[in-house]
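Colleague: Could you take me through how the two chains meet here? I would like to go from the detail outwards.

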There are 2 protein chains.
Amino acid sequence: MRPKLEDVAKRANVSKTTVSRVLNNRGYLSQETITRVYQAMKELNYQPNIVARQLYQKKTQLIGLLFPTIANPFFGELSAELEKRLYNEGFKVLIGNSMNDPKKEADYLNQLLSKQVDGLIVGTHNQGIKEYNYEHLPVVAIDRNMNQDIPVIESDNYAGGVLATTYLIEQGAKKIIHTNGPITLDSPTKRRRLAYEDTMRQHGLTPITVTLDFNIPYHEKKQILTQIFYDHPDLEAIFASNDIDAALIMQIALELGKKLPADLLLVGYDGTKVIQNILPNLTTIVQPIEAIAQTAVDVLKARLNDRPTESEYVLPVSLKKGTT
Amino acid sequence: MRPKLEDVAKRANVSKTTVSRVLNNRGYLSQETITRVYQAMKELNYQPNIVARQLYQKKTQLIGLLFPTIANPFFGELSAELEKRLYNEGFKVLIGNSMNDPKKEADYLNQLLSKQVDGLIVGTHNQGIKEYNYEHLPVVAIDRNMNQDIPVIESDNYAGGVLATTYLIEQGAKKIIHTNGPITLDSPTKRRRLAYEDTMRQHGLTPITVTLDFNIPYHEKKQILTQIFYDHPDLEAIFASNDIDAALIMQIALELGKKLPADLLLVGYDGTKVIQNILPNLTTIVQPIEAIAQTAVDVLKARLNDRPTESEYVLPVSLKKGTT
């Protein structure tokens, strides 16, 4: 069997990234490391994939963005902020909406790689993405855990969950329900749920989380959320894990003849400009979209230039008090 | 002076497109036309620009999208629908947000062209774009008049304006104000304004249009819209040319203690999913975003394959009756 890059790394007792740097003559390397890697290559009769190296070295000034869908205002505004900053750095942006479909996602990645993007910024949900071999491509993740080599930019989801839950408790609510996505996802956003559950328990209250799958049709989601009101007639407050769900809950409450905040307290999450403009009364946790975009671009630039990066960047969130 | 493609076209008494097709051996051409073009080239000693031809012939399977900003839900949803369809046709999407800035727009076009996109779908506002030489690049415009060679896909803006205004008149309103963008823009959306003004006059009513510039900050826009209520205390209805403005007007009315629809009738425009989900009560003119996207992709494909296209495609809109 032909020796692989991994085999060279193993024999030279260095990381795959280091072998790749030696091959591509990038970043800081000690003479000792270089010698050790070439020695291992010789011993294994390793032939670097010349085409892959050429592809790698050829700069396209293209950055791929991969998000569930830019039709969601959070990803729409985030993509626009990313695009603006990448434009100012001389990059153009290739965009893909994975719609949380693993097949589509894998396909996008293949295609983006074949279009020779210089780097990727990824905010998709799926696990499959982890299996990808990003050896030759700088990748930055937003709000999603990928693998250890890929830095994650996120807002402080745990603090956001604590802020929202504490605020509702301070307003006097005891029966507080939380809505969130499937817990199986290895996403930093599930920390909102953990923070809600921890905070409830710390106050001697019982956490109740209602799970909403992604991509369920609008009317089905409305049905599940409406059912909450029937299942819990003593419901006092809801903490929704995004503003779109919060808006729908607000609408259902009004249809059921409930007044906000008298009959129901409600806190959303995201705080996009669109939602803040359209529903200025919604109390919500505001994610720092501009700072997330700026950090993602800075970290990607560091990766592109072989500069070291942290594995996680956590940005502060804030509570926007509306009247709900 | 070196002869240009135009000179060949003139001498051969054919269009520039035909000369281009002969050079690139694309599309249907009669032997007579081919002979005539080659004859003209010979007489003028015309040397086709080989590099340009090679660039032209090299397919990248990349399509550029150029919109004001995908942070606006209409363009966000439209871009997502376009991207989905282009993906299914094997294309990847390069995206640019021009923010209605002519310099940024020209810069994008240059960069998109240098990245060798196979085609462009453009929905920007500026005039400068007209001056571009698209000879070698299939372009489709959405809701924007470009030049004669570029097909425009639009929803029926005039019918939308008539629908909205007639609805408000039927509800008994006489003092109806319209908000819209600058009239100087050569955009099909100004037909909403024309339709409003025509319909008002046909009913013996006086049209009053309040102009809102693009890119003005939120608080400034809010100030201008608030002023309408003070300038026109007898105001009965507003027809806003987009839902974002309608949402802001709704909010201002509520802040001024007005109830909808008792104190103010309101009709918006666009009908994106996000707005329909968040403000289900808003009466609005719904643009067929999916049909617009599908038509744009079909027309672009026709252009890419040298099949003939219409110069304008007008898609029907509908009135969604809410409670405003």
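Modeller: A good place to begin is A:Ile95, which stands opposite B:Val93 in strand 2 of chain B. Bear in mind that this is a predicted model, in which local features need pLDDT of at least 70, side-chain atom pairs count only at pLDDT 80 or more, and totals for chains, interfaces and linings use all residues. Residues are numbered from 1 along each chain as its sequence is written, chains are lettered from A and ligands numbered from 1 in the order in which they are written, and side-chain values use heavy atoms, with hydrogens and water left out.

Colleague: Which way do strand 2 of chain A and strand 2 of chain B run?

Modeller: They run antiparallel and are joined by three bridges; strands pair if DSSP finds at least two bridges between them, and a strand here is a DSSP run (E, at least two residues), while a helix is a run of H or I with at least four, both numbered from the N terminus.

Colleague: And how many residues does each chain put into the contact?

Modeller: Chain A gives 36 residues and chain B gives 37 residues, where contact means heavy atoms within 4.5 Å. The area buried between them is about 3,200 Å², with 65% of that from carbon and sulfur atoms; buried area is the accessible area (1.4 Å probe) that two parts lose on being put together, summed over both. A:Tyr87, A:Lys92 and A:Ile278 supply 20% of what chain A buries against chain B, more than any other three residues.

Colleague: How many salt bridges cross between chain A and chain B?

Modeller: The rule finds zero across that interface, taking a salt bridge as a side-chain nitrogen of Lys or Arg within 4 Å of a carboxyl oxygen of Asp or Glu. Over all chains, however, the structure holds 30 salt bridges. One pairs the side chains of A:Lys222 and A:Glu255 (3.2 Å, N to O); A:Lys222 lies in helix 9 (residues 218-231) of chain A and A:Glu255 in helix 10 of chain A, so this pair ties together parts 33 residues apart in sequence.

Colleague: Changing topic, what rotation superposes chain A on chain B?

Modeller: A rotation of 179° with 0.1 Å of shift along its axis does so, at an RMSD of 0.3 Å, using least squares on the C-alpha atoms of residues with pLDDT of at least 70 in both copies. That is the relation of a two-fold axis. In chain A, the C-alpha nearest the axis belongs to A:Leu94, 2.2 Å from it.
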